[in-house]
Amino acid sequence: MRIVAGCDVGSLTSKAVIMSDGKIIASSIIKSKARPWESAESVMNEALQKAQISMNNIAFCVGTGYGREKIPFVNEISSEIACHAKAARWLIPNARTVIDIGGQDCKAIKLDEKGNMVKFITNDKCASGTGRFLEVMAKVLGVGVDQLGELSSKSKNPITCATACTVWAQADVIQHINDGVPIEDIAAGINTAMAARMSVLAGNIGVEREVCMTGGVAKNEGVVQALEKILGVKIRRIRNADPQIAGALGAALIAKEKLGEDK
Amino acid sequence: MRKELKEYKFDWMLLSCFSAASKLQNGTEKEYQQMLRYIPYFRGVVETVLSTGKPGQRFIEICAKYLDNLVNAKERGYHTAITTFCFSPIIFYAMDIMPICLEVMSVMLTFTYKRGSSDFLDFCNEVGFTETSCSSQRGSLGAYLAGIGTDIDMIVTDTPGVCDTNANAFAFAASYLNKPFFQLDMPPDLTGNRSDEYHREDYKALIAFLEEHTGKKLDLDRLRETLQEAEKQDAMIAELEELARLVPNPLPVTYNFFVYASRFLFAGMPECTRVLEAMLEVGRKNAAEGKSGISNGKEKVRSFFCYIDHYVQSLKFWQMLDEYGICYQGNILSRSWASNAPHVKEYGTYEAAYTLHTDDLDKLIGDIALLNSRMPMIKSIRGPYDAPHMWLQDTLSLAKMYKADFIVYNGTPGCRNTWGMVKLLARDTEKAGFPTYIMYADAFDERVQSWETTRDRFLEFLTVRRLI
Amino acid sequence: MMDAFLHAATSLENDYVKKWKSAGKKIIGYTCSYVPDEILHSVGILPYRIRGYGVGDTAIGDTYFGPFICSLPRCMLQLAGERKFAFLDGIIITPGCDSMRRLDECWRKANDDIQGILPKFHFHYGVPHKYADYTIKWFYDETVRFVNAVESHFNVRVDEEKLRNSIRLYNESRKMLEEFEALRCAEKPPFSGTEALAVIISGCAMPREEYNALLKNFLEESKALQGIKNRIRLMLVGSANDDIELVRVIEESGALVVADNLCFGARLYEDLVEEQGDPVFNLAKRYLAHNECPRRYGDYKKRLAILREKAHRARVDGVILQNIRFCDLHGAENGLFERDLEKEGIPCMRIEREYGPLVEKGRLKMRVDAFVERIRQKRREIA
């Protein structure tokens with residue numbers, strides 16, 4: 001079994017995954033730097049260090065993400081959508097619907113029983129359905145983005161949050177804070193708004209079980225539960241890896257395929 | 001869409017709400033107060049409407065009646081047509097077709113459901129309709145696309161040439177649901193022989209379409225009866241509008257809404273007449289006493305809405321106007337363009353108006369074609385906004401005549417035709433001396449801008465412009 | 001040859017326009033494919049399609065249009081405000097859609113602030129939304145009104161014989177474009193979709209005689225070429241696009257756009273104008289019969305049939321359905337197309353975009369890449 005790697009250079013974060021024998025042996029996440037090749041080098045180095053190997057040990061590496069064409073060390077590149085689809089099946093073997101909410105975009109992918117991409121849809125332009133939306137809102141609330149989920153679980157009376165535009169929503173949230181609305185109700189409103197926007201995309205491709213959620217926002221229980229409520233289906237929680245590295249993981253899985261070590 | 005929403009027909013749910021609301025005041029005050037606790041989302045509307053006494057009671061009753069007709073239309077042998085607010089329902093009633101007005105249904109949803117029409121708005125997008133489309137149709141359209149409304153026989157609209165997103169919603173629905181579709185197309189000019197002929201020929205094609213899909217011939221005598229009732233209503237509306245010119249305006253803030261909603265639901269039918277009668281009673285009485293229609297009796301400032309109202313948030317917008325003593329001098333939806341309307345007489349704009357000749361059967365089709373071409377929005381938002389008889393002229397002349405102190409634009413982000421020129425309009429109205437406020441909220445979707453922000457920005461405008 | 005087309009497609013005041021103006025001749029701009037070029041041609045006026053190409057920012061456009069409006073007319077207004085259309089002697093605005101219809105007022109009002117940006121001749125051309133006896137009559141009357149307006153403003157006369165000649169000349173063009181279309185759909189198309197769009201756009205930006213001559217040569221040369229193969233064949237559908245870069249981005253992902261149904265595209269040249277009978281009436285009939293724009297409410301099935309036929313003729317592997325944000329007409333219809341074409345096994349991808357500088361190139365590319373991968377995956381499955 002040779003060692004493969006995937007490198008996902010996103011707009012906000014960059015991720016790398018190293019796999020051997022079908023297992024993740026190292027992964028890393030860093031904040032993206034100004035230049036994609038710098039992000040790629042540094043995230044990959046971090047992962048290599050964790051795995052205690054060098055780039056020479058990597059038999060095949062696939063790049064993905066916005067900066068994929070600027071990664072110097074990859075053998076091939078692939079779109080994020082294909083990578084997320086691939087990763088989803090590894091994370092949840094019978095996944096048919098993949099919902100990914102990343103930093104600047106979100107997508108819903110439909111897979112057939114073999115795991116082929118049947119259909120996909122991504123959000124358009126605006127950040128209001130993406131992880132960036134949550135980051136902005138968390139900042140306004142003065143909490144960490146990772147606290148939003150826990151906060152919203154305490155809410156009794158969630159607010160209605162504007163979703164048309166992140167900037168407007170921000171103004172709205174400030175208004176609610178000034179009006180003395182409990183922070184957990186605001187957090188819950190934000191999470192529900194996010195879920196509602198995502199549910200439209202998911203509804204668009206038609207949700208089939210199992211549903212797998214990838215991307216950083218999958219770690220926010222508030223959004224996941226709100227989404228479950230709206231879609232009326234259970235979303236399978238990912239236990240075997242960090243959902244945020246799904247893009248890089250998919251890239252590594254494609255690398256493995258390229259070596260002919262799959263199937 | 002959430003599964004639970006598909007459990008029941010949405011129009012049946014609305015009927016249950018409105019019919020229960022229409023009986024709320026049958027008991028004692030204590031019982032009434034007790035009941036309100038069980039309808040937290042509908043409560044604001046119920047209180048605002050019923051607090052106006054008989055007109056409000058009758059208004060809720062006709063809403064319930066309309067829904068009852070709608071839900072039972074098929075069983076009672078009627079055909080059903082999805083249609084739009086600016087399409088006069090007179091022709092449908094004259095031909096035993098139940099008009100299902102999407103915008104009215106959307107407003108009813110925002111009034112009664114916890115999350116308003118948001119789930120249905122979103123459902124439209126799920127099935128491929130654009131999220132940038134107007135929320136006024138999308139709200140209830142989603143329910144029909146999801147198959148949780150009464151069965152539909154046909155889809156009819158009259159907004160091509162006036163409002164793309166409206167026309168497009170109906171065209172989309174027809175294709176999605178695979179139903180017969182008819183459009184009345186509006187030429188860019190309102191008046192003149194060419195436009196008159198176009199309106200008339202187009203309307204004849206509409207009648208042919210309706211006859212084809214109902215298998216019934218139009219009975220001119222029945223049409224005459226309906227038009228006679230509409231004539232009566234026009235005269236009553238003219239009297240109400242005449243009353244609104246008084247200072248203080250004796251009509252409560254909500255009356256304007258009652259007028260146009262009643263017309264959208266039941267123009268040409270006695271139900272509408274009854275609501276108008278009740279409003280007139282109160283209006284005449286207040287006028288005789290020199291009383292303002294504002295709840296605390298103090299009219300402080302007069303507003304004219306150049307487009308539509310704000311329906312989300314349980315009528316909080318109206319409550320706010322009332323609370324601040326802001327008298328409501330109408331909007332684009334409420335004005336009748338019958339030749340006896342006060343503003344038509346005042347400015348002599350008879351060519352932009354219509355006259356019904358109910359004594360002459362041969363003229364009926366031409367008359368109703370003309371009436372329909374003078375419906376709200378259809379009349380004044382075609383061609384350029386500053387052309388004769390169009391939006392600018394109407395806004396300025398009405399604001400002046402009804403002594404408005406300021407003008408407000410409120411619509412939806414889906415409204416291409418007004419957002420394309422509202423900045424120009426506001427510039428012109430400001431130049432004419434009317435402080436003008438453009439609201440960025442969505443009249444049907446509170447997720448665009450929350451009520452708190454809407455209220456604060458509105459009040460900020462009033463304060464900055466020293467109107468309050 | 002291709003250079004001439006690329007030049008005309010990527011500049012507003014191109015060399016042909018300059019030459020025309022320096023000869024002291026007039027140019028009238030219009031915004032919508034429902035305007036009959038032939039009438040202007042017959043009186044020696046160059047019909048020119050107004051575009052939004054090459055906009056940097058939209059500060060002027062934003063001053064007059066509200067925020068929830070399609071970016072195409074906004075960009076057009078911006079260019080007008082920057083005096084980029086100073087060579088126009090007249091403009092025609094049609095109610096093609098609400099956003100475009102408002103260009104009329106916005107342009108006029110902007111002229112109050114930035115004097116001299118509005119040509120003296122401007123005409124609001126009322127195009128009905130359906131096809132029936134009385135709507136053709138309306139459109140005929142409207143066209144006569146247009147003829148009269150041109151005649152009196154420019155002091156010219158629309159001569160029946162000259163108009164017939166113009167119709168013949170434009171029909172010749174259309175016939176050549178049909179040939180062009182056949183080459184484009186071929187198994188190995190001799191030119192890319194990017195080039196094809198440049199060829200089509202050029203037709204709205206240069207004198208017809210010169211265009212026909214260029215086109216003739218282009219067709220002859222193309223026939224001798226080897227042709228492009230082994231690409232994913234796509235059809236591009238939806239909102240107006242006059243930016244060849246959009247097609248280039250798509251083609252960079254290993255695709256070839258072999259068919260389209262765009263307003264600045266194949267829609268311009270289909271259907272001939274009848275040459276017998278009243279020429280004005282024939283023009284009115286042909287232009288109004290133009291059915292491919294979703295502004296013709298209720299005709300979805302006809303448009304679906306057109307797409308279906310094209311998809312088969314051009315053997316496309318997939319369809320990209322794009323719309324400019326706030327273009328609900330194309331956007332909603334794209335939703336229906338997606339449903340119905342996918343049902344028939346034709347992969348579709350919907351994109352909502354902004355018109356103007358391709359700021360979203362990265363996102364667009366990511367999606368096209370994924371779409372191409374999806375199609376390749378499907379091919380592998382079948383293999």
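This passage describes the contact between chain A and chain C, and then a nonpolar surface patch on chain B, in a predicted model.

The size of an interface is often given as the accessible area lost when the parts come together. For chain A and chain C, the area buried between the two is about 1900 Å², with carbon and sulfur atoms giving 48% of this value. In terms of residues, 22 from chain A are in contact with 21 from chain C.

Polar interactions across this interface were also counted, and 9 residue pairs, both members at pLDDT 80 or more, are in polar contact between chain A and chain C. Salt bridges between chain A and chain C number 3, and one of them joins the side chains of R68(A) and D369(C), with a nitrogen-to-oxygen distance of 2.3 Å. On the side of chain A that touches chain C, helix α2 (80-91) and strand β8 (117-122) each supply at least two residues, and the largest share, amounting to 5 residues, comes from β8(A).

Turning to chain B, the residues Y8(B), W12(B) and M13(B) together make a nonpolar surface patch of about 320 Å². Of these patch members, M13(B) is placed in helix α1 of chain B, which comprises residues 10-22. The relative accessibility of M13(B) is 30%, and this residue therefore counts as partly exposed, a class that lies between the limits of under 20% for buried and over 50% for exposed residues.

Key: Residues numbered from 1 in each chain as written. Chains lettered and ligands numbered in written order. Predicted model: local features only at pLDDT ≥ 70, side-chain atom pairs only at ≥ 80, totals over all residues. Heavy atoms only, no water. Patch = residues over 30% accessible without salt bridge, like charges linked within 9 Å, V, L, I, M, F, W, Y side chains within 5 Å. Areas by Shrake-Rupley, 256 points an atom, 1.4 Å probe, with all protein chains shown as cover. Salt bridge = Lys/Arg side-chain N within 4 Å of Asp/Glu carboxyl O. Helix = DSSP H or I, 4+ residues; strand = E, 2+ residues; numbered from the N terminus. Buried < 20%, exposed > 50% of the residue type's maximum accessible area, 1.4 Å probe, protein only. Contact = heavy atoms within 4.5 Å. Buried area = accessible area lost by both parts, 1.4 Å probe. Polar contact = N/O pair within 3.5 Å; in protein donor to acceptor, adjacent residues only side chain to side chain.
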